[in-house]
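Welcome, and please open the viewer with a cartoon view ready. We will take this one selection at a time.

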Amino acid sequence: MDEGGHLVSIHSQEEQEFVEKYWFSSRDYVPNLVRMDYYSLVRKPFSLLYIGLHDSDHDGRFEWTDGSPVDFEHWLEGEPSGGYEDSVMLWDRHNNRNRGRWNDVISMTPRLYGPFMCKISPLKSE
Ligand SMILES: [Ca+2]
Ligand SMILES: [Ca+2]
């Protein structure tokens with residue numbers, strides 16, 4: 001992106017909590033998302049949030065889209081389930097204890113369309 005932004009990468013528990021907090025505080029006010037009540041996994045329109053982690057180049061080897069190292073993980077138990085599931089989202093399907101845990105999902109699945117979050121680095125003086 002022109003502004004140097006990427007899908008958000010997460011490198012610490014603190015950063016994870018920041019992303020969750022921002023997601024939870026903003027998600028009910030994002031317009032134009034269709035309710036998807038018919039699909040039990042996404043009962044609520046904002047029950048998921050895409051982040052910049054993926055393993056589309058090599059299954060099982062996750063990378064951040066911004067190129068930063070994978071030095072923190074916050075998977076839901078049993079995830080990543082692998083295979084064709086190459087994108088990663090925070091999930092609010094589960095109880096409070098697991099809210100915000102990571103799950104890999106198939107990229108571009110229409111029934112899993114949802115919001116994403118980006119991160120922009122501070123401007124560098126060069
Ligand atoms: Ca995969
Ligand atoms: Ca999965």
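What percentage of the 126 residues of the chain count as buried? The figure is 21%. Keep in mind as you look around that this is a predicted model.

Start with the whole chain, coloured by secondary structure. You should find one helix and six strands, arranged along the sequence as β-α-β-β-β-β-β. If you turn on contacts between residues at least 6 apart in sequence, 63% of them link residues at least 24 apart.

Next, select the sheet. Four strands make up an open, antiparallel sheet, in the order 3-2-4-5. Now pick out strand 3 (63-64) and strand 5 (101-106): these are the edges, and each has a single partner strand, so one side of each has no neighbour in the sheet.

Stay with strand 5 and add strand 4. The two run antiparallel and are joined by six bridges. For one of the pairings, click Glu85, whose bridge partner in strand 5 is Ile106.

Now for the interior. Show side chains for Leu48, Leu49, Ile51, Met89 and Leu90: in the largest nonpolar core, which has 15 residues, these touch the most other members. Helix 1 (13-26), strand 2 (48-54) and strand 4 (85-91) each give two or more residues to this core. Which element supplies the largest share of the core? Strand 2 does, with five residues.

Finish by centring on Met89. Leaving aside residues up to four places away in sequence, Met89 touches Leu48, Leu49, Tyr50 and Ile51, along with Asn103 and Val105.

Terms used: Residues are numbered from 1 along each chain as its sequence is written. Chains are lettered from A and ligands numbered from 1 in the order in which they are written. This is a predicted model: local features need pLDDT of at least 70, side-chain atom pairs count only at pLDDT 80 or more; totals for chains, interfaces and linings use all residues. A residue is buried if 20 or more other C-beta atoms lie within 10 Å of its own, exposed if 12 or fewer, and partly exposed in between; C-beta atoms are placed from the backbone. Two residues are in contact if their C-beta atoms, placed from the backbone, lie within 7 Å. A nonpolar core is a set of buried Ala, Val, Leu, Ile, Met, Phe, Trp, Tyr and Cys residues joined through C-beta atoms within 7 Å. Two strands pair if DSSP finds at least two bridges between them.
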